[in-house]
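Me: I have a structure to work through. Can we take it step by step, with short answers?

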Amino acid sequence: MIKFKDVSKEYIPGNPVISNLNLEIKDGEFFVLIGPSGCGKTTLLKMINRLISLNSGYIYVRDKPISEYNIQELRWNMGYVLQQIALFPNMTVEENIITVPEMKKWSKDKMHNRVTELLESVGLDAKSYRNRKTSELSGGEQQRIGVLRAFAADPDIILMDEPFSALDPVSRHNLQEDVTEMHKKWEKTIVFVTHDMQEAMSLGSRIALIDKGEIVQLGTPEEIISHPKNDFVRNFLKSGNVEKVETQTIQQLIEAGYILPASHGENMGIVLRTKDTVDQLIIALSKDDTVFVKDKEEKAVGKITNQQLMSYLATTIENRGEAE
């Protein structure tokens, strides 16, 4: 879907922000760029829709260099969500959402139906919200409308630049869940920038940790937690409160409610015990979608999927952060 080939970027000659970077983002995946401030993650994101130009190399979308696209065509096929909500305060919710569909000359009925579909997808009553001014909404509601606007014209790609970092914890959590459900429903390719490890762990199907314009480690959340590549990755995980989560036992995960019942007669593949560690669970789930759990008496307790594991890890990280 999106491919970076030998991409470099300098704002000041001799001082590269991105250095000879190669990366491929797969069609339909939720890809997270994470790293410390100034590492180049936002620059990478903005080069995809040509808000920032590259100095050398190529970026391809569907095997075509972005330089060969009409810039309007390119951006119409990419929804974009900023940390700064950037809604038009004098316009209604519906008018904000249909900005791009109007430019693409959609029919009124099609736009009306799309607004209804989008609002209801995030639990907002279309009749109550579509004609409200965005200035009347809470911060969380405004950012939710900003996300819906990015999805409105049914683009293939959604770019999100730290979209929830200014929100309160409750609004942030709710929007993370909304975006996760929208990704599952519409299978868009999402490129998401954050500096928050809990958010990356909760949302990403793959994560790229970036430092000084280079990718230090690329992998699934499970791979990065269980096999950090070097001290930079270990220290970054530690700063995100991930350290030693993987040494907890599956019993702790079960007690927190992150387990599903196993169906009677269900064929068990990989089986672990409640005394086994989360680290062992991470490794097992890298080999199969589902792991079954038995207690010390060899009685079946239930099953755990990657979704339960990621929810548990994200909640554990968040709780540790609040306690410190």
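Me: Leaving aside its neighbours within four places in sequence, which residues is Thr-189 in contact with?
Reply: Keep in mind that this is a predicted model. Thr-189 lies in strand S8. Leaving aside neighbours within four places in sequence, its contacts are Met-1, Ile-2, Ile-25, Lys-26, Asp-27, Gly-28, Glu-29, Asp-156, Ile-157 and Ile-158.

Me: Is Thr-189 buried or exposed?
Reply: Buried means under 20% relative accessible area. Thr-189 has 0% relative accessibility, so it counts as buried.

Me: What is the strand order in the open sheet of six strands?
Reply: The pairing in this open sheet is mixed. Its six strands run in the order S6-S7-S8-S3-S9-S10.

Me: Why is one side of S6 and of S10 left without a neighbour in the sheet?
Reply: Strand S6 covers 78-81 and strand S10 covers 214-219. Both stand at the edges of the sheet. One side of each is free of neighbours because each has a single partner strand.

Me: In S10, which residue is the bridge partner of Ile-210?
Reply: Strand S9, residues 206-211, pairs with S10 in the antiparallel sense. Five bridges join S9 and S10. In S10, the partner of Ile-210 is Ile-215.

Me: What angle does the direction of helix H8 make with that of S8?
Reply: Helix H8 spans residues 169-186 and packs on the sheet. It touches S3, S7 and S8. Its direction makes an angle with that of S8 of about 155°.

Me: How many residues of helix H1 are buried, and which are they?
Reply: H1 has eight residues, 41-48. Six of them are buried, so the helix is largely enclosed by the rest of the structure. The buried ones are Lys-41, Thr-43, Leu-44, Leu-45, Met-47 and Ile-48.

Me: Which residue just after H1 takes a positive phi?
Reply: Look just past the end of H1. The phi there is about 65°, and the residue is Arg-50.

Me: How many residues are in the largest nonpolar core?
Reply: Nonpolar side chains tend to be buried together in soluble globular proteins. Here, Ile-97, Leu-119 and Ile-145 are among the residues with the most contacts inside the largest core. Leu-119 is in contact with both Ile-97 and Ile-145. The number of residues in this core is 64.

Me: How many residues are in the other core, apart from it?
Reply: This core lies apart from the largest one. Ile-2, Leu-21, Phe-31 and Ile-59 are among its members. Its residue count is 29.

How values were computed. Residues numbered from 1 in each chain as written. Predicted model: local features only at pLDDT ≥ 70, side-chain atom pairs only at ≥ 80, totals over all residues. Heavy atoms only, no water. Pairing = 2+ DSSP bridges. Helix = DSSP H or I, 4+ residues; strand = E, 2+ residues; numbered from the N terminus. Contact = heavy atoms within 4.5 Å. Axes fitted to C-alpha atoms, helices over the stretch in contact; angles between N-to-C directions. Core = buried A, V, L, I, M, F, W, Y, C linked by side-chain atoms within 4.5 Å. Buried < 20%, exposed > 50% of the residue type's maximum accessible area, 1.4 Å probe, protein only.
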